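The following exercises are to be worked through with the sequence and the model in view. Each task is followed by a solution in steps.

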Amino acid sequence: MTAVVWFRDDLRVGDNPALTAAMARGTRVLAVYVLDEVSPGVRPLGGAARWWLHQSLQSLRASLERIGVPLVLRRGAAEAVLPAVATEAAADAVFWNRRYGRAERTVDAALKLGLRAAGLHVQSHAASLLYEPWTLMTGAGQPYSVFTPFWRRASSMPEPRRPLPAPEALAGLNGSPQSAAVQSATVQSEPLESWGLQPSAPDWAGGLRAAWRPGEQGALDLLAEFLDEKLSLYPEQRDEPAEDVTSRLSPALRWGEISPHMVWHETMRVRAAAASGRIGSEGAASAFLRQLGWREFAAHVSFHAPDLHRVNWRREFDAFEWPPLDQGALTAWQRGQTGVPLVDAGMRELWATGTMHNRVRMVVASYLSKNLLIDWRHGEEWFWQTLVDADAASNPFNWQWVAGSGADAAPYFRIFNPVLQQQKFDPHGSYVRRHVPEWGTPEYPEPLVDLGESRRAALAAYDRVKRATRSAPAPAPA
Ligand SMILES: Cc1cc2nc3c(=O)[nH]c(=O)nc-3n(C[C@H](O)[C@H](O)[C@H](O)COP(=O)(O)OP(=O)(O)OC[C@H]3O[C@@H](n4cnc5c(N)ncnc54)[C@H](O)[C@@H]3O)c2cc1C
């Protein structure tokens with residue numbers, strides 16, 4: 001008897017409910033990862049995400065080998081690949097942790113039916129969210145549309161479950177590296193290198209390699225370092241891009257190298273310790289967990305409004321008339337050549353490292369959609385290609401939040417002024433200078449647009465939507 005564990009957005013062995021359940025049966029266990037870029041509606045990964053995936057799978061393979069579980073890699077439509085692997089492994093059971101995108105759920109539901117019809121035991125688990133998207137609803141039974149009541153409700157729920165320990169190897173079955181070798185010999189794995197996830201000509205990933213250590217251990221180390229050294233500074237300095245006080249856990253959470261349950265309980269442990277001594281950390285812990293709450297809210301909104309990367313969450317925003325795309329302006333934004341120092345610093349940080357500070361993400365998104373009047377979908381797509389934490393829910397959710405079409409209580413009139421934002425959050429210009437060394441010299445470009453004029457034009461365009469849709473019903477309040 002063999003159990004297959006299908007890994008997806010949960011590339012870890014610790015606190016992995018599907019893996020733990022499969023190991024608890026006491027039979028042989030085979031792990032499989034399917035690179036599925038062909039199932040209808042599944043969004044192909046961007047370049048930086050593909051780089052991350054390569055490293056993370058290497059790390060997962062090593063962790064699984066330590067508990068005697070081989071990792072089989074296959075490429076293709078999951079609906080065909082998974083049953084084939086189950087047959088080759090003579091499996092009688094398949095386990096996975098749930099994912100929440102509409103296209104992915106469609107694939108999973110079909111697989112569940114098909115595998116069960118073929119006589120296999122199929123079990124799915126909750127692993128990547130603290131609250132599954134259908135568990136928190138308003139009193140009227142509707143999804144939440146505003147963060148604060150959503151998080152208030154979440155905070156009134158019983159505490160999220162405790163993380164599960166990594167499973168032990170099973171003696172004689174999954175117990176030795178040899179057994180891993182024997183099992184994988186019967187079920188062929190594609191070489192990871194053959195997937196071409198890493199860039200080669202040119203190799204643009206040098207900055208990513210310098211900035212990140214993908215994999216479960218890297219994530220656990222980041223969490224420990226954050227809680228030890230940065231948490232107490234988090235409330236005051238988390239908006240300052242020059243400071244390194246945020247957790248940097250977003251790619252690890254995106255890929256499931258660490259679970260939100262682990263982050264939650266470790267933070268609560270530190271908070272409890274702080275209550276009996278280290279002043280300041282109690283509030284700091286809540287401020288940090290609230291950010292995890294935004295991740296939950298993005299998943300909730302995206303579950304109830306699929307295709308968020310294409311479709312305006314506020315449908316009245318469909319009436320917004322984007323001017324014809326100015327490709328030159330888009331390219332200048334992508335390359336960090338707009339002549340607005342904070343915007344250019346952020347865009348260059350993104351290109352070099354695969355990430356960007358949250359405050360600066362808001363500023364560059366506002367600048368693109370409001371000052372340049374470029375449809376937010378172009379910015380979302382660029383982030384999708386370049387972020388190592390590119391997330392199918394968080395990315396479009398945040399883009400729409402900034403652009404004004406998203407789930408936000410004050411959508412239309414918020415336009416970030418990048419000059420004031422720099423004065424406030426990078427007053428000494430340390431962040432800007434780090435990424436834009438020629439700032440203040442004749443080599444630095446002139447501003448692409450006048451900030452004041454473009455702001456007025458954006459407000460006028462937004463006003464036209466408001467007037468055109470005055471009679472349209474507003475989304476239900478939370
Ligand atoms: C336009 C735009 C696009 C974004 N795209 C993504 C994306 O694709 N993937 C992604 O994970 N985050 C995205 N974010 C949210 C946020 O910028 C990153 O999660 C954060 O910068 C990651 O740094 P950190 O791990 O050090 O965060 P911390 O401050 O340490 O926060 C802890 C965790 O909370 C979560 N979180 C924090 N803020 C948000 C938020 N606004 N929305 C959702 N989750 C949040 C992340 O998982 C993060 O790791 C986007 C924000 C904007 C404005």
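Two strands count as paired if DSSP finds at least two bridges between them. The model is predicted.

**Exercise 1. Pairing of S2 and S3**

Determine in which sense S2 and S3 pair, and which residue of S3 stands opposite Ala31.

Solution.
1. Locate S2 at residues 28-35 and S3 at residues 71-75.
2. Five bridges link S2 to S3, and the pairing is parallel. The pairing criterion requires at least two bridges.
3. Within this pair, Leu71 of S3 is found opposite Ala31.
4. Trace the connection: S2, helix H2 (residues 47-66) and S3 form a β-α-β unit that is right-handed.

**Exercise 2. The surroundings of S1**

Establish how many residues of strand S1 are buried, and identify the strands with which S1 pairs.

Solution.
1. S1 covers residues 2-7, and six of its six residues are buried; the strand is therefore largely enclosed by the rest of the structure.
2. Consider the two faces separately. Thr2, Val4 and Trp6 are buried on one side, while Ala3, Val5 and Phe7 are buried on the other, so that both faces are covered.
3. One partner is S2, which runs parallel to S1 and is joined to it by six bridges. In this pair, Val4 has Leu30 of S2 as its bridge partner.
4. The path from S1 to S2 passes through helix H1 (residues 17-24), and this β-α-β crossover is right-handed.
5. Another partner is strand S4 (residues 93-97), paired with S1 in the parallel sense over four bridges. Here Val5 has Phe95 of S4 as its bridge partner.

**Exercise 3. The two sides of helix H5**

Decide which residues of H5 are buried, and explain why they line one face of the helix.

Solution.
1. Helix H5 spans residues 147-155, and its buried residues are Phe147, Phe150 and Ala154.
2. Viewed down the axis of H5, these buried residues fall within an arc of 65°, so they line one face of the helix.
3. The underlying principle is that an α-helix has 3.6 residues a turn, so residues three or four places apart point the same way.
4. On the other side of H5, Arg152 and Ser155 are exposed.
5. The buried residues of H5 pack against helix H12 (281-304).

**Exercise 4. Domains and their contact**

List the assigned domains and describe the contact between domain 2 and domain 3.

Solution.
1. The domain assignment gives domain 1 (1-127), domain 2 (129-160 + 215-304) and domain 3 (315-468).
2. The C-alpha centres of domain 2 and domain 3 are 25 Å apart.
3. Domain 2 contributes 14 residues to the contact and domain 3 contributes 15 residues.
4. On the side of domain 2 that touches domain 3, the elements giving two or more residues are helix H10 (250-255) and H12.
5. H12 supplies the largest share of that side, five residues.

**Exercise 5. The protein as a whole**

Assess how compact the protein is for its length.

Solution.
1. The protein contains 20 helices and five strands.
2. Its radius of gyration is 23 Å, close to the 23 Å that the globule rule gives for 478 residues, so the protein is as compact as a globular protein of that length.
3. Along the principal axes, its C-alpha atoms fill a box of roughly 70 × 55 × 50 Å.
4. Of the 478 residues, 44% count as buried.
5. Among contacts between residues at least 6 apart in sequence, 81% join residues at least 24 apart.

Note on methods: Residues are numbered from 1 along each chain as its sequence is written. This is a predicted model: local features need pLDDT of at least 70, side-chain atom pairs count only at pLDDT 80 or more; totals for chains, interfaces and linings use all residues. The radius of gyration is taken over C-alpha atoms; the globule rule is 2.2 Å times the number of residues to the power 0.38. A residue is buried if 20 or more other C-beta atoms lie within 10 Å of its own, exposed if 12 or fewer, and partly exposed in between; C-beta atoms are placed from the backbone. Two residues are in contact if their C-beta atoms, placed from the backbone, lie within 7 Å. The arc is that of the directions from the helix axis to the C-beta atoms. A crossover is right-handed if, with the strands pointing away from the viewer, the path from the first strand over the helix to the second runs clockwise. Domain bounds come from an automatic or database domain assignment.
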